[in-house]
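Open the model in your viewer and keep the sequence panel beside it. Each stop below says what to select and what to look for.

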There are 2 protein chains.
Amino acid sequence: MATLGELERTVMDLLWENPEAVTANALRDMLARRTHGEHASKELAVTTVLTVLSRLEKKGLVERARDTRPHRYQAVTSREEHTADLMHEVLGSAPNREAVLARFLGSVSDGEAATLRKLLGHS
Amino acid sequence: MATLGELERTVMDLLWENPEAVTANALRDMLARRTHGEHASKELAVTTVLTVLSRLEKKGLVERARDTRPHRYQAVTSREEHTADLMHEVLGSAPNREAVLARFLGSVSDGEAATLRKLLGHS
DNA sequence: TCAAGGTTCTACATTGCGTAGAACCTTTGC
DNA sequence: GCAAAGGTTCTACGCAATGTAGAACCTTGA
């Protein structure tokens with residue numbers, strides 16, 4: 001339930017980069033540019049985009065405005081929130097969470113460790 | 001590459017609970033007990049277990065001793081290490097890691113936050 | 001050397017994802 | 001009011017991963 005396919009991920013990336021809700025057609029265009037660096041190419045069928053969007057909607061990652069005529073789509077949560085949720089999902093399935101967190105911290109960069117300290121506040 | 005199937009995950013759980021290397025047959029028995037609460041039932045074919053073990057080996061999660069006759073299998077990394085690796089994998093695919101970490105910390109229990117502070121040391 | 005037990009090969013069903021045609025519904029320009 | 005243009009849903013196919021296991025092949029002990 002957590003894993004997205006390649007296209008699904010790309011679509012999510014585009015939605016995350018675009019705060020406003022977009023249409024399937026707009027997404028199709030963005031995808032064409034994104035995937036094949038500028039020069040128009042390999043446009044996917046709109047139905048393909050729509051299928052993917054429906055699946056993402058079913059997964060709870062995308063929200064669709066059904067009231068406007070060309071439906072408009074947007075990500076339900078921010079990319080950061082989603083990623084953090086995924087991390088919690090991974091962590092949640094572990095018996096000894098603290099041991100996992102310890103190892104996790106072990107391979108975090110110094111700069112990030114500093115940030116974490118700041119975020120956690122002083123004891 | 002990160003996602004495991006249901007059976008694969010169960011097998012990994014058993015291997016993680018058992019420090020010593022075990023045979024496919026032993027695993028088959030453990031699976032029977034685990035999956036259907038005690039009373040012997042639904043034993044999987046040994047070949048099924050072997051297939052799963054081979055796949056897990058290919059994924060680098062399981063190590064197999066080929067020198068002993070009934071081959072013996074064991075997890076390559078601890079469950080904690082594996083989980084931490086997964087968390088890093090999830091985090092790695094994000095542009096603004098610090099923002100993700102911030103949100104992640106936001107939903108960590110107080111006790112765990114305290115542990116994290118300790119692990120990070122005081123600024 | 002041969003039977004018992006272990007391993008590898010091959011295979012099939014199911015499910016998720018990429019992909020899109022065909023059919024169906026809406027809107028809009030006349 | 002109606003037909004064409006455009007949008008949405010249904011259905012479907014191919015491919016890869018996973019659960020499952022039979023058939024064939026290899027090893028070893030009696």
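Helices (H or I, at least four residues) and strands (E, at least two) are DSSP runs, numbered from the N terminus. This is a predicted model, in which local features need pLDDT of at least 70, side-chain atom pairs count only at pLDDT 80 or more, and totals for chains, interfaces and linings use all residues. Residues are numbered from 1 along each chain as its sequence is written, chains are lettered from A and ligands numbered from 1 in the order in which they are written, and side-chain values use heavy atoms, with hydrogens and water left out.

**Stop 1: DNA strand C**

Select DNA strand C and the protein near it; a residue is near a strand if one of its heavy atoms lies within 4 Å of it. Which elements each supply at least two residues of this surface? They are helix 1 (6–17) and helix 3 of chain A, together with helix 3 (46–58) of chain B. Helix 3 of chain A gives the largest share, four residues.

Of the 20 residues around the strand, Glu6(A), Leu7(A), Arg55(A), Arg64(B) and His71(B) come nearest. Of the strand atoms within 4 Å of the protein, 64% belong to sugar or phosphate and the rest to bases.

Now zoom in on the phosphate oxygens. One lies 2.6 Å from a polar backbone atom of Glu6(A). At His71(B), a polar backbone atom is 2.4 Å from a phosphate oxygen. Asn25(B) uses its side chain: an N or O atom there is 3.2 Å from a phosphate oxygen.

**Stop 2: helix 3 of chain A**

Select residues 46–58 of chain A, a helix of 13 residues. Color Val49(A), Val52(A), Leu53(A) and Leu56(A), which are buried (under 20% relative accessible area; exposed is over 50%, partly exposed in between; 1.4 Å probe, protein chains only). Look down the axis: the buried residues fall within an arc of 100 degrees, so they line one face. The arc is that of the directions from the helix axis to the C-beta atoms. Turned away from that side are the exposed Thr47(A) and Lys58(A). After the helix comes Gly60(A), with a positive phi near 80 degrees.

**Stop 3: helix 4 of chain B**

Select residues 79–92 of chain B. This helix is mostly covered, with 10 of its 14 residues buried. Among them are His82(B), Leu86(B) and Val90(B).

Finish at Glu89(B), in helix 4 of chain B. Glu89(B) counts as partly exposed because its relative accessibility is 47%. Select Ala2(B) too: the two are 87 residues apart in sequence and 8.6 Å apart in space, C-alpha to C-alpha.

How values were computed:
Expected span 1.5 Å × (residues − 1). Polar contact = N/O pair within 3.5 Å; in protein donor to acceptor, adjacent residues only side chain to side chain.
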